Amino acid sequence: MFCGLFGVLLPRAEALLPPAHSSFQDLPAPNPAQPPPQAPATGSKTPAAKNPPTSKAPAKKPATGTSKRHYVNTRKPRTISPRVRRMRQAFVASASLRPMAQQLLQDRSLPAYAGVQAFARAHAKEDAGALAWLVIGYAHVLDRDYAKAIDPLNRAKVHAGDLGDYVDYYLGSSYLQTGRTAEALASLADFSKTHPDSLLVRDAAISYADALLLEGQPAEAVTLLEQTRTPERSDLEFALGRAYAASGQTAKAAEIFGNIYYTMPTSTEADAANAELKKLPAQPLPTVLQLKTRADALMAKRRYADAVEEYRSLVNESSPAQKPTMELALADALHRSGKNRDAKQVLTSLGPVSGEENAQRLYLIGQVAFAASDNDTFYRSVDELRQAAPASPWLERALLSAANLHLVHHEYDQALDAFRESQLRFPTGARASYVHWKAAWLTLRQGRNEDAKKAFEEQLSLYPSGAETPAALYWRARLAEEDNQPAMASAFYRKLSDRYRNFYYAELARQRMKRLPPVTVEQMAQYPLLDRVPPLQSDVKITDSEPPADELHVQKGELLGNGGLVDFAVRELQAAAAADPGSWGPAETARLYVETGHYNQAIEFMKHSTPNYFALDIPDLPRKYWEALFPKAYWSDLKRSSAANGLDPYLVASLIRQESEFNPGAVSRANAVGLMQLLPKTGKVVARQAKMKHYNASQLYTPAVNMQLGTRYFRGMVDKFGGSFEYALAAYNAGSDRVEEWLGQGKYRDPQEFVESIPFTETREYVQAILRNASVYKQLYGTP
């Protein structure tokens, strides 16, 4: 779930990804930070507005395909509307507001408030001033100081123009949070009529309904919310449940609260829904199906500790026939949450089971033993599983674990046997391509080149769509070179380069092709195995296009961006892109993120927009896409630190992209910090080496300092491993001791063979990704 940048009362953006919605109203919307306080009655009931907020469905977006898209711009020039022209003028006038607004929304310090307020007063009679007042009001909302938000939001109303929906929504919400219910109703009444194009219509309806409840009008709240229930949203459902409860319809309220708690357990409202459920009189106990639905959903979201509690309840509530299934699920949740001793106890006390339940039991016994480094028990459980359930998918998973354990312990013969057994038993299994490749690779590492050739060709024949195909193409070509078969090597390299254009192995293939004679079409035809490799799932090219200049949401997004209101701006752009046939949406969204310094969000957004981008050549995507995917962020400081340590700045940029995606505030689970993810203790040591005065760990969040220390540390790794960037990158990720251990496991043709032999998948893919990304940077930008 995508969380708003600033934490509260943001548009709900569970999927700030490429639009897959058929209308504006399908987009997620804002959610108040907390349910409105139960303020005392104001003395007289305020009647419901004649036109309360209702939902309005905009025009639907034409359906699109799932592969690369090509759009022809057939848009005819249209007259710019006065509303759009007005927002354009405000956009120009508010250009200097952006850095001040971003600073305010980031730290909400008194100087930041003062700076934005000075701008607002200097532009008091302009729309730009209204934007500044909106930013100030919203900053107070983020601080949950709703009383202070009211004055600036009221000041913003005068010249708000098409930002009036944001002003009215947050003003009404602030009135509501401070117990000024009548004023909240007045601010939110007629919202859909006043702001028919707003993306906040449903949010306003929720706040309006909350105000109606405080005024003792639950029936009106029910009527309003029932009109806008689709698509389902937990915050709206929660408000509706409260309205039904207040109106005495407790059965309907219980149904809604139960639906939130049991089917949407990771939603913000889940715990509150359960609390409301407990207040209702004489409610039936939850069914086993409800409890299991909740537990399974928590497991799917990796909230294992919460899932444990639900499965415990299920064990107690289940029938004798169901109980073993629930106990196995409980043991799995305990294991995944790190409570292996408890998991072992559950598995030990489990009654007789058979079939797949017994297979799962044996698998979990093995995994618990694996986690405790009890290798004898682990291997014994695999043997028992092999005998008890030779065709079970649980055995497939257990064999993969066994192979990897052998690999980590340098037991290569046993690892090869386990990989091969897994592939032979489960040739169409989920990991069949992977285990076949690992067996083929270990065959090569054992020096059995003839068997390796056959295995690589079998990889391409059996699993041509597998993720291992680039590696199989490359290493089969390498063996062809060693056999003095340049035509075959060139053909395989050529296929690799053409089909997987910017993959790690494709760049290596192009480098080796320079030493070989060019391959002809006729020679390519001599290797029909290459035809097994499927083409990219598209034959069309994404073309560059500009956003429609006369589109209201586009201009609104641009203006909100000047106010540092990035999530709001992105949502407006997505709404416009969802209704427009152009290809501009992803690039414009990424541009907004980049311009506001949120490089990591731009990268993630573009990855989701074009998931197969590494298979494409540079001209196959608009340059805007590539520049968002591979930004030159903090470039001056990055070049300076790279040069000081004799490093290629593109390699450093690629390392940062892999470590933090250029997020200076990134903190890992291991407490590594900043752009280059340095541990505080590492930063302290390197700062001392660099004779940096007055250093403290908080400076690791400063991009220039983090890169100064990070590049120096990385340079030390490069020097330690004789100038090899492959070894240094592996050490940066997994530690020098492990790299030295791996280097001791026999001879390698070159660093590329070492990289493919790294037993840790994370480290292997890490090294390959950084070297691949550095190549893309060079192609994009040329000489640094």
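**Exercise 1. Is Asp544 buried, partly exposed or exposed, and what is its relative accessible area?**

*Solution.* Start with the ground rules: this is a predicted model, in which local features need pLDDT of at least 70 and side-chain atom pairs count only at pLDDT 80 or more, while totals for chains, interfaces and linings use all residues. Residues are numbered from 1 along each chain as its sequence is written, and side-chain values use heavy atoms, with hydrogens and water left out.

Step 1: recall the classes, where buried means under 20% relative accessible area, exposed over 50%, and partly exposed in between (1.4 Å probe, protein chains only).
Step 2: Asp544 has a relative accessible area of 47%, so Asp544 is partly exposed.

**Exercise 2. Find the salt-bridge partner of Asp544 and place both residues in the chain.**

*Solution.* Step 1: use the cut-off for a salt bridge, a side-chain nitrogen of Lys or Arg within 4 Å of a carboxyl oxygen of Asp or Glu.
Step 2: Asp544 pairs with Lys624, at 3.7 Å from N to O.
Step 3: Asp544 sits in the loop between α27 (521-524) and α28 (552-562), and Lys624 in helix α32 (residues 623-629), so their salt bridge ties together parts that are 80 residues apart in sequence. Helices here are DSSP runs (H or I, at least four residues), numbered from the N terminus.
Step 4: check the partner too; Lys624 is partly exposed, with a relative accessible area of 29%.

**Exercise 3. Look at further salt bridges in the structure.**

*Solution.* Step 1: the structure holds 48 salt bridges.
Step 2: one of them joins Asp719 and Arg715, at 2.9 Å from N to O. These two residues are four apart in helix α36 (residues 703-720), so about one helical turn separates them.
Step 3: another joins Asp145 and Lys148, whose closest N and O atoms are 3.8 Å apart. Asp145 is partly exposed at 25% relative accessible area, and Lys148 is exposed at 51%.
Step 4: for a network, select Arg98, Glu558, Glu588, Arg591 and Glu595, which salt bridges link.

**Exercise 4. Which side chain of opposite charge is nearest to Glu756, and how far away is it?**

*Solution.* Step 1: locate Glu756 in helix α39 (residues 751-757).
Step 2: assign charges, with Lys and Arg positive, Asp and Glu negative, and His and the chain ends not counted.
Step 3: the nearest opposite charge belongs to Arg764, 4.2 Å away; Glu756 is buried yet has no salt bridge.
Step 4: list the contacts (heavy atoms within 4.5 Å). Leaving out residues up to four places away in sequence, Glu756 touches Trp437, Trp441, Ala471, Trp475, Tyr505, Arg764 and Gln768.

**Exercise 5. Describe how α7 and α9 pack.**

*Solution.* Step 1: the axes of α7 (residues 181-188) and α9 (residues 201-214) come within 9 Å and cross at roughly 150°. Axes are lines fitted to C-alpha atoms over the stretch in contact, and angles run from 0 to 180 degrees between N-to-C directions.
Step 2: Thr181, Ala184, Leu185 and Leu188 of α7 meet Ala204, Ser207, Tyr208, Ala211, Leu212 and Leu214 of α9.

**Exercise 6. Finish with the whole chain.**

*Solution.* Step 1: the secondary structure comes to 40 helices and zero strands, where a strand would be a DSSP run of E with at least two residues.
Step 2: of the 784 residues, 54% count as buried.
Step 3: among contacts between residues at least 6 apart in sequence, 64% join residues at least 24 apart.
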